[in-house]
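This report walks through one protein model. Look over the sequence and the structure first, then read on.

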Amino acid sequence: MELDLDAAARCLLEARYVIALTGAGLSVESGIPPFRGPNGLWTKYGEPPMNGYERFLADPRKAWEERLNPQGPMRELWDALARAEPNPGHHALAELEEMGVLQATITQNVDNLHRMAGAVRLLEIHGNATLIRCVQCVARFERDEIDYVQLPPRCPRCGGLLKSDTVSFGEPIPPDVLAGCTVEADRADCMIVAGTSATVYPAAGFPIAIAERGGDLIEVNPYPSDLTAFCRVRLPGPSGEMLPALLERVRALR
Ligand SMILES: [Zn+2]
């Protein structure tokens, strides 16, 4: 373990441009239920329809009524999101960014916890559950900036349809975020992959592309994944333990 941490810290310090990719494992450690797996919301309540975006566009008023008065899995998820706090893994990544070691974080999580921990250069590839986005002009708003008297609410800037910033099934990744992710992944020669088995595209493509051009991947995950074979270093454990330990090694070696 000591050797793994040393190797990972050296990778970070020798790289020109380090980014991170994070996923559900980090959220689960903050008490947010996963979607998949034995305790997953979809395992308990059943898979949601795979055409969520199409259904939203077909009846946005109904989608907003459900959103403002959530039931079943959505109730459970919103309650967990409202309670959740960043864990030591989120704080360690924010600290690495503050130190100038980490340049940007791409997250598949929608829980806002990276931002709460202090991450600045953050790309939320599946959106942010605390924000509302205009389908037309892509402007984003805080929830309390919007008037919900008439549903669906309309964009204060352009009058376009508003939806949750969270990316629905069948919805394209917002173009500004996807472009930002591509720019960061193209620059990177080292990526920390934490709490994700990186099987959901487009996020899964970034670490593979970095590894294929000879960059280093550092995997932080209790279990091996499809990505493990591509990784230079594997830190087998929860992000909340491994990332703070890695931060300490970086501090010691710097
Ligand atoms: Zn708009």
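Which residues of helix α11 are buried? They are Ser239, Gly240, Met242, Leu243, Leu246, Leu247 and Val250. Keep in mind that this is a predicted model. Helix α11 covers residues 239-253, which makes 15 residues. From first C-alpha to last, α11 reaches 20 Å. That is close to the 21 Å expected at 1.5 Å a residue.

**A buried leucine**

Two of the buried α11 residues turn up again in the surroundings of Leu96. Leu96 lies in helix α7, residues 88-98. Its relative accessibility is 0%, so Leu96 counts as buried, the cut-off being under 20%. What does Leu96 touch, once neighbours within four places in sequence are left aside? Its contacts are Leu12, Val101, Leu102, Ile192, Leu247 and Val250. Leu247 and Val250 are both among the buried residues of α11. Ile192 falls within strand β7, which spans 190-194. Leu12 sits 84 residues from Leu96 along the chain, yet the two C-alpha atoms are separated by 9.8 Å.

**The chain as a whole**

The protein chain has 11 helices and 9 strands. Its C-alpha atoms fill a box of roughly 60 × 40 × 30 Å along the principal axes. How does the radius of gyration fit a compact globule? For 254 residues, such a globule would have a radius near 18 Å. The chain has 19 Å, so the value agrees.

Of the 254 residues, 51% count as buried. Now take the contacts between residues at least 6 apart in sequence. Of these, 68% join residues at least 24 apart. The contact between Leu96 and Leu12 is one such case, with their positions 84 residues apart along the chain.

On the outside, the chain exposes about 12200 Å². Carbon and sulfur atoms supply 52% of that area. The chain carries 25 positive and 34 negative charges. How far apart are the mean positions of the two sets? They are 3 Å apart.

**Backbone features in the loops**

Four loop residues deserve a look at the backbone. Two are prolines that follow a cis peptide bond, and two have a positive phi without being glycine.

| Feature | Angle | Loop |
|---|---|---|
| Cis bond, Leu151 to Pro152 | omega about -5° | Pro152: between β5 (140-142) and β6 (162-164) |
| Cis bond, Tyr201 to Pro202 | omega about 10° | Pro202: between β7 (190-194) and α10 (205-212) |
| Positive phi, Val138 | phi about 65° | Val138: between β4 (131-134) and β5 |
| Positive phi, Ala198 | phi near 50° | Ala198: between β7 and α10 |

The loop between β7 and α10 appears twice. It holds Ala198 and also Pro202. Are Val138 and Ala198 buried or exposed? Ala198 has a relative accessible area of 9%, so Ala198 is buried. Val138 has 23%, so Val138 is partly exposed.

**An exposed proline**

Pro224 is found in the loop between β8 (216-220) and β9 (233-235). Its relative accessible area is 60%. The cut-off for exposed is over 50%, so Pro224 is exposed. Leu235 lies 11 residues away from Pro224 along the chain. Their C-alpha atoms are separated by 9.8 Å.

Key
Residues are numbered from 1 along each chain as its sequence is written. This is a predicted model: local features need pLDDT of at least 70, side-chain atom pairs count only at pLDDT 80 or more; totals for chains, interfaces and linings use all residues. Side-chain values use heavy atoms; hydrogens and water are left out. Helices (H or I, at least four residues) and strands (E, at least two) are DSSP runs, numbered from the N terminus. The expected span of a helix is 1.5 Å times one less than its number of residues. Buried means under 20% relative accessible area, exposed over 50%, partly exposed in between (1.4 Å probe, protein chains only). The radius of gyration is taken over C-alpha atoms; the globule rule is 2.2 Å times the number of residues to the power 0.38. Contact means heavy atoms within 4.5 Å. Accessible areas come from the Shrake-Rupley method with a 1.4 Å probe; for residues, only the protein chains shown count as cover. Lys and Arg count as positive and Asp and Glu as negative; His and the chain ends are not counted. The place of a charge is taken as NZ of Lys, CZ of Arg, CG of Asp or CD of Glu.
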